[in-house]
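Trainee: Could you take a close look at one part of this model with me? I'd like to go through it slowly.

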Amino acid sequence: MARRIGMMTIGSAFIFFLILIGLQEKVFAGELTEKVKDTTDKIIAIVSNQEMKQPDKAAERKRLIRQAIDERFDWEEMARRTLARHWTGRNDTEKKEFIFLFGKLLERTYLDKVEGYSGEKVNYEGETIDGDYGTVKVGIMTTQEKSIAVLYRLKKKGPDWFVYDISIEGVSLINNYRTQFNSIITKSSFQDLMKRLRTNVEEG
Amino acid sequence: MKKFSIEMTVGLFMVAGIICLGYLSIRLGKLEVMGGNSYEITAVFSNSGGIKTGSSVVIAGVDVGTVKEVTLSDYQARLVLSLPMDLKVQEDAIASVKTKGLIGEKYVEITPGGSEDIIKPGGRLRETQPAIDLEQLISGFVFGKI
């Protein structure tokens, strides 16, 4: 009898162990993927919400999308990387205004595309972690069954991970704006870049 | 005595000639002896676009170094870039494989970053942008806009 109970204990311990391994895999396989997926799901939920599609809810919808993005994107890091060597010479007020305007520029450029979501599937294809840096590979299936490769680059800040660059079909967002901004600053000045950004944001 | 002196002169002349030839080969062939005054960093690309050893590394359109090695590592292209010792590459610099003109040769362009952390010799340039597959882009445009 005692032997039987012993066997049962070993058996249940083994099953418990298996469950634990299973759970661990679920929890730890893809920490970064989970973070990106969480934000993406939140945005999809907002843009798919029929109630939110009413014209009078447009501003509220934009605010909610921006809020979801803000939780996962490190705007300061993005702005710093975009301005690159021109960042160091700026004072705090200029930096703050640039971060704000850069965020608005991206919002203006990409929000319409996000809002045009029409049921595209998002496949999470893997992630890499290298110290404080990581990437998450995503494939977005268009309605024409074409896959668009998107790569999120994340950096660890404290206990959490934040996105600082997105590459779409291999083209980096930061590199694109870095080249453009550098060309404007070299040709004229940082003030001119800010003026252009302000006009761009006001128009939107 | 006189004979010996002529032989010596010819010998010395030959040695001098060989040294000159060696110097010229090294300079013209851009060979590096004893490490030279350059250092190496690596960069991993998901697509190198067929870049070859000896291709240029460019910053702001200026040739600053060469691609020293191209290998496959975990189904990705691993490039070793050789750069001059006095050139500092920031940790957030971005390396991208580009093409000279539409069908020209491939080269690596580095867009300098603003970070205070500098990539050490033997270090890795983390931010890379693969070669753009023009054919794929055109097919995407033809068969369905991306």
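Trainee: What should the 24 residues of helix 5 (residues 92-115) of chain A span at 1.5 Å a residue, and how far apart are its end C-alpha atoms?

Mentor: Some ground rules before the helix. This is a predicted model, where local features need pLDDT of at least 70, side-chain atom pairs count only at pLDDT 80 or more, and totals for chains, interfaces and linings use all residues. Residues are numbered from 1 along each chain as its sequence is written, while chains are lettered from A and ligands numbered from 1 in the order in which they are written.

Now, your helix. Helices here are DSSP runs (H or I, at least four residues), and strands are too (E, at least two), numbered from the N terminus. The expected span is 1.5 Å times one less than the number of residues. So helix 5 of chain A should span 34 Å, and its end C-alpha atoms are 33 Å apart, which agrees. There's a bend too: about 35° at Thr109(A), taken as the angle between axes fitted to the seven residues ending there and the seven starting there.

What about the place where the chains meet? There, 22 residues of chain A are in contact with 14 residues of chain B, contact being C-beta atoms, placed from the backbone, within 7 Å. On the chain A side, helix 4 (75-83), strand 5 (171-172) and helix 6 (173-187) are the elements giving two or more residues. Helix 6 of chain A has the largest share, 4 residues.

Over in chain B, Lys100(B) sits in the loop between strand 5 (94-99) and strand 6 (106-111). Not counting residues up to four places away in sequence, Lys100(B) touches Glu105(B) and Tyr107(B).

Note on methods:
Contact = placed C-beta atoms within 7 Å.
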